Amino acid sequence: MKSTIRNLNSIRQSLWVLCLYFAVVPAVMAESPKTLDELIKQVRSDSVLESRELAEREREFRNARDRQASLLQSAKAKLAAERQRGAELKSRYEANEPAIKDKTERLHERMGALGELFGIVRQTSKDMLSLFSASIISAQLPDRKETAKLLAERKSNPNIQALEEFWHLLLDEMVQAGKVARFEAPVITADGQESRREVVRIGAFNAVSDGLYLRYLPETGRLVELGRQPQARFLTLAKTLEESKDGIAPVALDPSRGAILSLMVQKPDWSEHIEQGGAIGYLIIGLGVIGLLLAAERTFSLTRLHRKMLDQRQDPEAETDSAIRRLREVAQEHPKLDAEALGLKLDQAILGERPQIKRFLPTIAIFASVAPLLGLLGTVTGMIETFQAITLFGTGDPKLMSGGISGALVTTEMGLVVAIPLLLLHSWLNGNTRKLIYLLDEESAALVASRGGQVRVVSG
């Protein structure tokens with residue numbers, strides 16, 4: 001009330017100021033009188049007009065004050081009525097509070113384990129919603145997630161119909177997990193294009209289309225081709241399954257619902273494996289290829305030399321270009337030498353044959369020794385780079401360390417892969433060369449013995 005009267009007084013003062021302003025300013029701005037009589041006349045006329053205007057304004061102000069007072073009285077009456085109503089409601093609430101408490105306790109007693117059951121239903125609905133969102137079956141049945149979502153987010157207890165519908169969803173999930181189903185669905189290809197295809201779903205585990213394995217994206221609800229497909233034999237099985245209309249068809253199944261398949265396709269192939277070795281890896285491969293070519297040439301040459309020697313021993317008159325024939329020619333060229341001198345001549349001839357027989361074998365041995373050393377060099381270099389990366393970025397990401405270490409060990413693996421076959425081939429070829437030299441020693445001993453002397457020829 002006091003604040004309302006204070007506001008009315010401030011409004012009244014403001015209006016008086018405005019009235020004086022509008023009364024004085026026009027008088028000042030009017031044409032000035034020329035004589036005193038005119039001035040007195042004008043003042044009297046203005047005073048009468050101002051008195052009338054002020055009286056009219058005062059009457060309006062009083063009327064406004066009366067209206068404000070009426071409104072104030074009406075507001076006070078409403079406030080009193082509302083306060084009385086609030087007091088009545090409060091008394092009614094206090095009177096009903098024991099009854100509300102009693103009925104609430106009776107409700108909890110009657111519900112018993114039903115509340116716990118509904119809690120289990122909501123928790124199971126949340127679990128099933130996560131399962132439905134990640135399940136490949138949702139690519140064929142996308143609407144089933146809504147029911148589980150409503151139950152999971154519902155604040156009140158579900159009714160019998162909602163529980164039965166959820167039960168049917170669980171049964172359908174079990175049934176669909178054991179089916180091989182065909183359906184039309186949009187598929188995103190490896191180049192990002194979307195096309196509608198026929199998809200074959202193998203339970204809740206895998207899906208194939210056009211002989212390619214697909215994976216399900218829960219975020220978009222779309223099927224997408226794997227960026228890298230598994231081995232060709234798995235793709236052949238997938239194609240066979242698509243072409244089969246009935247009966248039993250073999251197929252590669254991922255029981256982890258795509259997790260194992262995703263890890264398999266992330267495994268680098270042989271070309272990427274080689275690229276991880278870097279320049280040292282390519283150098284090791286080059287040594288291996290050259291070593292294998294040299295070993296192949298030695299295998300062919302030694303086999304031919306051995307065949308010629310055997311043919312020459314079986315047929316002394318044969319015109320074959322063999323080392324045994326050259327030894328016999330040496331014996332024939334020196335018919336007057338005694339057995340000891342002839343043995344020395346034959347040893348000299350055998351020494352001349354040895355470079356041809358053992359050609360490239362030292363090179364193969366060097367390659368077999370250098371390859372693992374180069375692999376070790378690549379590993380040390382890779383480990384240095386890995387530790388430099390750890391120094392810069394820390395050890396917070398285990399993939400950074402494991403990826404660098406595995407890449408560094410690739411060169412050691414390549415060096416061993418190259419060195420082991422070369423070492424085995426060198427040992428085998430060295431054994432063949434010893435056999436050939438042993439044949440030459442036998443032939444030399446036979447030629448010396450034919451001269452009537454016995455000279456022991458030592459093979460190198």
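**Exercise 1. The hairpin turns of the barrel**

In the hairpin of β2 and β3, which residue takes a positive phi? Trace the strands of the barrel and list the turn residue of each hairpin.

*Solution.* The model is predicted: local features need pLDDT of at least 70, side-chain atom pairs count only at pLDDT 80 or more, and totals for chains, interfaces and linings use all residues. Residues are numbered from 1 along each chain as its sequence is written, and side-chain values use heavy atoms, with hydrogens and water left out.

Step 1. Strands (E, at least two residues) and helices (H or I, at least four) are DSSP runs, numbered from the N terminus. Two strands pair if DSSP finds at least two bridges between them.

Step 2. The residue asked for is G203, whose phi is positive and near 60 degrees; 3 residues lie between β2 and β3.

Step 3. The other hairpins are treated likewise.
- The hairpin of β1 and β2 has 5 residues between its strands, and G192 in the turn has a positive phi of about 90 degrees.
- With 2 residues between β3 and β4, their hairpin places D210 in the turn at a positive phi of about 55 degrees.
- Between β4 and β5 there are 4 residues, and G221 in that turn has a positive phi of about 70 degrees.

**Exercise 2. Closure of the barrel**

In which order do the 5 strands close into a barrel? Establish the sense and the bridge count of each pairing.

*Solution.* Step 1. Strands of a sheet pair through backbone hydrogen bonds, either parallel or antiparallel.

Step 2. The order is β1-β2-β3-β4-β5, with mixed pairing. From one strand to the next the twist averages 50 degrees (axes are lines fitted to C-alpha atoms, and angles run from 0 to 180 degrees between N-to-C directions).

Step 3. The pairings are as follows.
- β1 and β2 (residues 194-202) run antiparallel and are joined by 9 bridges; A185 has R197 in β2 as its bridge partner.
- β2 and β3 (residues 206-209) run antiparallel with 3 bridges, and I202 is partnered by N206 in β3.
- β3 and β4 (residues 212-217) also have 3 bridges and run antiparallel; S209 has L212 in β4 as its bridge partner.
- β4 and β5 pair in the antiparallel sense over 4 bridges, among them that of L214 with E225 in β5.
- β1 (residues 180-188) and β5 (residues 222-225) pair in the parallel sense over 2 bridges, and V187 stands opposite L223 in β5.

**Exercise 3. Salt bridges and their exposure**

How many salt bridges does the count come to? Examine three of them and the surroundings of their residues.

*Solution.* Step 1. A salt bridge is a side-chain nitrogen of Lys or Arg within 4 Å of a carboxyl oxygen of Asp or Glu. By this rule the count comes to 10.

Step 2. Relative accessible area under 20% is termed buried, over 50% exposed, and in between partly exposed (1.4 Å probe, protein chains only).

Step 3. In the salt bridge of R65 with D66, the closest N and O atoms are 3.8 Å apart. R65 is partly exposed at 37%, and D66 is partly exposed at 44%.

Step 4. For E82 and R85 the closest N and O atoms are 4.0 Å apart. The two residues are 3 apart in helix α2 (residues 36-111), so about one helical turn separates them. R85 is partly exposed at 48%.

Step 5. R298 forms a salt bridge with E297, with 3.1 Å between the closest N and O atoms. R298 is buried at 0%, whereas E297 is partly exposed at 25%. Elsewhere, salt bridges that share partners join R197, D210 and E225 into one network.

**Exercise 4. The largest nonpolar core**

Which helix gives the most residues to the largest nonpolar core?

*Solution.* Step 1. A nonpolar core is a set of buried Ala, Val, Leu, Ile, Met, Phe, Trp, Tyr and Cys residues joined through side-chain atoms within 4.5 Å.

Step 2. The largest such core has 37 residues, of which M309, L327, L346, I357, L436 and L440 touch the most other members. At least two residues each come from α8 (270-314), α9 (323-333), α10 (339-357), α11 (361-393) and α12 (398-450).

Step 3. The helix sought is α12, which gives 12 residues.
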